[in-house]
Amino acid sequence: MAKLDLTTFWSSFSSYLMSAGSTAESTTHAPVSKKTVPPIAAEKPRRLLSIDALRGFDMLFISGAGTFLMLMEGKTGWSWVDAVALQMKHPAWHGFTFYDFIFPLFLFIAGVSLPFSLQKGLSLGMGKAEIYQKAFRRLLILIALGILYKNAPIPFFEPSEIRLGSVLGRIGFAGFVTTVLYLNFSSRTRLAWVGGILLFYYAALFLIPVPGYGAGDLSFEGNLVGWFDRTFLPGRLLQGTYDELGLLTQFPALCLTVLGAAAGDMLRKQQKDHKKLQLLLLSGIGCMALGLLWSLHFPINKHLWSSSFILLTGGMAFLTLAIFFWVIDVLKFQKWAFFFKVIGMNSLTIYLAYRFISFGATSRLLFGGIYAPAPEAWHGVFQALGGLALVWIFLYFLYRNKLFLKV
């Protein structure tokens with residue numbers, strides 16, 4: 001009964017999401033031919049500062065803000081500060097904290113940007129084959145950079161110690177699949193793909209038996225995802241017998257990018273801003289409601305990338321985008337967003353730099369003498385804050401000199 005209700009809910013919800021989309025399908029994309037796509041005679045959409053700012057807000061937590069907030073735990077004696085600090089740690093297994101939202105939000109934002117870049121290519125007359133080649137090349141580059149990031153120094157002579165799963169690889173895979181779906185299916189059909197993937201993933205984890213554990217075991221040791229990676233994924237797994245960035249979890253994760261592309265289409269529509277906001281808000285509330293309902297049987301779990309987790313974080317991403325769009329691009333309160341824009345314009349740069357440059361050590365060398373008189377328990381906090389400042393200054397230098405790393 002629960003599964004039937006979820007299927008019915010999803011069908012109704014996906015019909016709602018794209019009901020307005022059909023009225024603006026000409027502003028998203030028309031069916032494309034197999035060879036070339038004629039230029040689209042449409043008004044060039046304005047660049048939305050809210051997208052860059054939201055990307056920067058997300059990357060801020062990856063580039064030091066999360067560490068800074070986590071280190072604040074137990075320092076002030078204020079319960080609300082400790083509560084915020086605890087949100088910067090991933091749950092051991094089932095459960096949810098704000099820090100679980102950071103990576104899904106980035107996958108979603110990658111999808112938001114996709115319709116803008118694809119429509120630009122289509123308007124220039126690029127064919128599908130050319131777009132596929134570009135997306136596939138980006139996929140390979142991101143996989144390579146992801147392997148470098150997760151394994152440096154790479155143990156070339158011990159391939160069994162090389163971890164293949166990576167954040168960047170997941171972004172590349174999700175972007176490539178979403179590109180294929182975007183160019184070949186309508187908005188409504190793409191959402192049907194999302195529903196189908198999440199339902200199939202749900203069914204697989206509950207119905208396919210794992211040797212020694214049976215079907216429906218969602219424990220760390222007995223879940224299908226872990227067994228599949230141990231059996232088919234070569235190299236090192238993150239937790240030894242399990243890797244949350246492995247093979248099966250790629251599929252529910254890419255749904256976030258497809259949902260992001262739906263949000264991007266909403267923002268591209270030639271309609272009033274309040275209507276775009278309404279669509280974003282209702283989409284967010286609907287996804288969150290469905291995710292919470294689903295969690296009654298399929299727990300919210302980032303390590304498993306459970307279907308309920310995808311819908312919860314997808315809904316949160318819709319709502320967060322709506323807030324940024326409303327404040328920055330509708331109300332035009334934009335000066336404060338510059339801080340985040342500097343980060344968001346060079347998100348790949350700081351992600352890689354944070355791995356290979358020790359901003360924390362540099363912070364200690366430059367500012368250690370200033371905070372030396374403070375209680376020793378606070379030294380790590382000040383060092384993290386100094387490192388975060390150095391990250392922003394580094395990115396500001398690149399921004400001022402128009403140096404942006406793109407793939």
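**Exercise 1. Which are the buried residues of α14?**

Solution. Start with the ground rules. This is a predicted model, in which local features need pLDDT of at least 70 and side-chain atom pairs count only at pLDDT 80 or more, while totals for chains, interfaces and linings use all residues. Residues are numbered from 1 along each chain as its sequence is written, and side-chain values use heavy atoms, with hydrogens and water left out.

Step 1: fix the terms. Buried means under 20% relative accessible area, exposed over 50%, and partly exposed in between (1.4 Å probe, protein chains only). Helices (H or I, at least four residues) and strands (E, at least two) are DSSP runs, numbered from the N terminus.

Step 2: read off the residues. In α14 the buried ones are S347, L348, T349, I350, Y351, L352 and A353.

Step 3: interpret. Helix α14 spans residues 347–356, and seven of its ten residues are buried, so it is largely enclosed by the rest of the structure.

**Exercise 2. Describe the protein chain as a whole.**

Solution. Step 1: the protein chain has 16 helices and zero strands.

Step 2: of its 407 residues, 50% are buried.

Step 3: now look at contacts, meaning heavy atoms within 4.5 Å. Among contacts in the protein chain with a separation of 6 or more, 74% are between residues 24 or more positions apart.

**Exercise 3. How many disulfides does a search of the whole structure find?**

Solution. Step 1: a disulfide here is a pair of cysteine sulfur atoms within 2.5 Å.

Step 2: the search of the whole structure returns zero.

Step 3: check the surroundings of two cysteines. C255 is buried at 1% relative accessibility, and C287 is buried too, at 0%.

**Exercise 4. Work out how α6, α7 and α10 pack.**

Solution. Step 1: recall the description. Two packed helices are described by the angle between their axes and the distance between the axes. Axes are lines fitted to C-alpha atoms, for helices over the stretch in contact, and angles run from 0 to 180 degrees between N-to-C directions. Angles under 35 degrees count as roughly parallel, over 145 as roughly antiparallel, 65 to 115 as roughly perpendicular and the rest as oblique.

Step 2: take α6 and α7. Their axes come within 6 Å and cross at roughly 165°, and the two helices are therefore roughly antiparallel to each other. This crossing of α6 and α7 is left-handed; that is the term when the near helix is turned anticlockwise from the far one by less than a right angle, with right-handed for clockwise.

Step 3: take α7 (residues 167–184) and α10 (residues 250–268). Here the angle is about 55° and the axes are 9 Å apart, which makes α7 oblique to α10. The crossing of α7 and α10 is right-handed.

Step 4: find the touching residues. Those of α7 that meet α10 include F173, A174, G175 and T178, and their partners in α10 include A253, L254 and T257. By class, the contact of α7 with α10 has ten nonpolar, four polar and two charged residues. For this count, Ala, Val, Leu, Ile, Met, Phe, Trp, Tyr, Cys and Pro are nonpolar, Asp, Glu, Lys and Arg are charged, and the others, Gly among them, are polar.

Step 5: zoom in on T257. This residue of α10 is buried at 2% relative accessible area. Beyond its neighbours within four places in sequence, T257 is in contact with L107, A110, G111, A174, G175 and T178.

**Exercise 5. Find the backbone exceptions.**

Solution. Step 1: know the background. Most residues other than glycine have a negative phi, and most peptide bonds are trans.

Step 2: look in the loop between α6 and α7, where P153 lies. A cis peptide bond joins A152 and P153, with omega about -10°.

Step 3: look for positive phi. W305, in the loop between α11 (273–294) and α12 (307–330), has phi near 50°. K402, in the segment after α16, has phi near 55°.

Step 4: are W305 and K402 buried or exposed? W305 is buried at 0% relative accessibility, whereas K402 is exposed at 68%.
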